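This report covers selected local features of one protein structure. Please read it with the sequence and the coordinates open.

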Amino acid sequence: MTAKPSARVPLPVVLAGARGHGRSHLVNIRRLERLGLVRLAGLCELRPLDAEELAGFATPEQSDDLDALLASTGAGIAVVCTPIQTHTDLALTAAHHGAHLLLEKPPAPSYAEFRRMADGVAAAGVACQIGFQSLGSHAVPAIRRLIREGAIGELLGVGGAGAWVRDEAYFRRAPWAGRRRLDGVDVVDGALTNPLAHAVATALALAGAAGAEDVESIETELLRAYAIESDDTSCVRILTTRGTRVGVAATLCAETASEPYVVVHGSRGRITFWYKQDRVLLQRAGHGPEETVYGRTDLLENLVAHVGGGAELLVPPGATGAFMRVVEAVRLAPDPLELPADAWRSETGAGAPRRVVPGIDGLVAACADTLGLYSELGAPWAPLPPKAVCR
């Protein structure tokens, strides 16, 4: 959904973390500036952006101190795209200044930090949007409606699959990358909690289990092929308080990169949602397959509409409580099991070397189809140690 240019005064925005993934926020802020919705008032980075990086903008104030930057700019919105372990403190800094928030996912590295952030933001009376872009897809309410109307019969469960390729350089891009903790502070980076977190959050949302109170139990299997602390090949199975099973499998060691998806299983059909493409395939008894591509509401644009006109916020903190229960289960689980040397191979292409787990692409898909765990599906690197269960 694209907004029309606004006659209102553009909201001043500060972006904390403008490099790496933050570049996508910079591009989006530039788009919203052209629509007259926002104005880039400030940038918080350890090293100032140069003229080339700021092409298309005026001259925003730059600082490595978010507190001072918010005070001097009077920003109405802060976009926080910084290392995971800094999210809570920076979000509360913004809230202290009365700035509304777009906070990147995962919102925090632990459930306690999440609650500290969410409670602090609520007490400050500012709005907070969590950056799960997939939940801005118009496909999400459309799929919920199909489930509610019984298009695929009784809801049996929801699966998710993400098979991505990441090389050695990916884990060297920042000191916190591939870490469970850094200098004694939780980070909880990993396939399920960061790069493929959208698969987990979207599957939970479609299962009607977005809140922390909607989770009954969580089983995790965390593994790694790379020489890192965190998991790069993992699966999780969540039982909701309604009795629905949600199973998500993810890897960063795929043989071939593919589009991640969520699949809703029903007694008379299934719905597959490729969430990065907003593409939905409905397959049900007595009908031919129906494919639809939906639009998407940008989360910063939605936050601006919420602040300026009372539009419903798409991803408030409460809508990510169940996801944060999964983050907490991963945090409390034993350190990921190192795969044996014969379970992966090294490949060198145009970029840095990467590690590949043969057969993992099919296993990830099988987990989404059956809601089973790797250890239950005959993974060649089984048997695994007893899986972690959090209740």
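Which residues does Thr 233 touch, not counting residues up to four places away in sequence? The model is a predicted one. In it, Thr 233 touches Glu 221, Leu 222 and Leu 223, then Ala 250, Thr 251 and Cys 253, and also Val 357, Ile 360 and Tyr 374, with residues up to four places away in sequence left out. Thr 233 belongs to strand β11, which covers residues 233-240. Its relative accessibility is 0%, so Thr 233 counts as buried, given that buried means under 20% relative accessible area. The side chain of Thr 233 also makes a polar contact, at 3.0 Å, with the side chain of Asp 232.

**Cysteines**

One of the residues touched by Thr 233 is Cys 253, which leads to the question of disulfides. How many disulfides does the structure hold? The count is zero. For Cys 253 and Cys 367, the nearest cysteine sulfur is that of Cys 235 in each case. A disulfide requires two cysteine sulfur atoms within 2.5 Å; the sulfur of Cys 235 is 14 Å away from that of Cys 253 and 4.9 Å away from that of Cys 367, so neither pair qualifies. The values are listed here.

| Cysteine | Nearest cysteine sulfur | Distance | Relative accessibility |
|---|---|---|---|
| Cys 253 | Cys 235 | 14 Å | 0%, buried |
| Cys 367 | Cys 235 | 4.9 Å | 1%, buried |

**The six-stranded sheet**

Another part of the model is an open sheet of six strands with parallel pairing, in the order β3-β2-β1-β4-β5-β6. Why is one side of β3 and of β6 left without a neighbour in the sheet? Strands β3 (61-63) and β6 (128-130) stand at the edges and have a single partner strand each, so one side of each has no neighbour there. Averaged over the sheet and with direction ignored, neighbouring strands are turned by 20° against each other.

Within this sheet, strand β4 (residues 77-80) pairs with strand β5 (residues 100-103) in the parallel sense, over four bridges. Ala 78 has Leu 101 in β5 as its bridge partner.

Helices also pack on the sheet. Helix α2 (residues 66-73) touches β1 (11-16), β2 (38-44), β3 and β4, and the direction of α2 makes about 150° with that of β2. Helix α3 (residues 87-96) packs on the sheet as well, touching β4 and β5. The direction of α3 makes about 160° with that of β5.

Technical notes. Residues numbered from 1 in each chain as written. Predicted model: local features only at pLDDT ≥ 70, side-chain atom pairs only at ≥ 80, totals over all residues. Heavy atoms only, no water. Helix = DSSP H or I, 4+ residues; strand = E, 2+ residues; numbered from the N terminus. Buried < 20%, exposed > 50% of the residue type's maximum accessible area, 1.4 Å probe, protein only. Polar contact = N/O pair within 3.5 Å; in protein donor to acceptor, adjacent residues only side chain to side chain. Contact = heavy atoms within 4.5 Å. Pairing = 2+ DSSP bridges. Axes fitted to C-alpha atoms, helices over the stretch in contact; angles between N-to-C directions.
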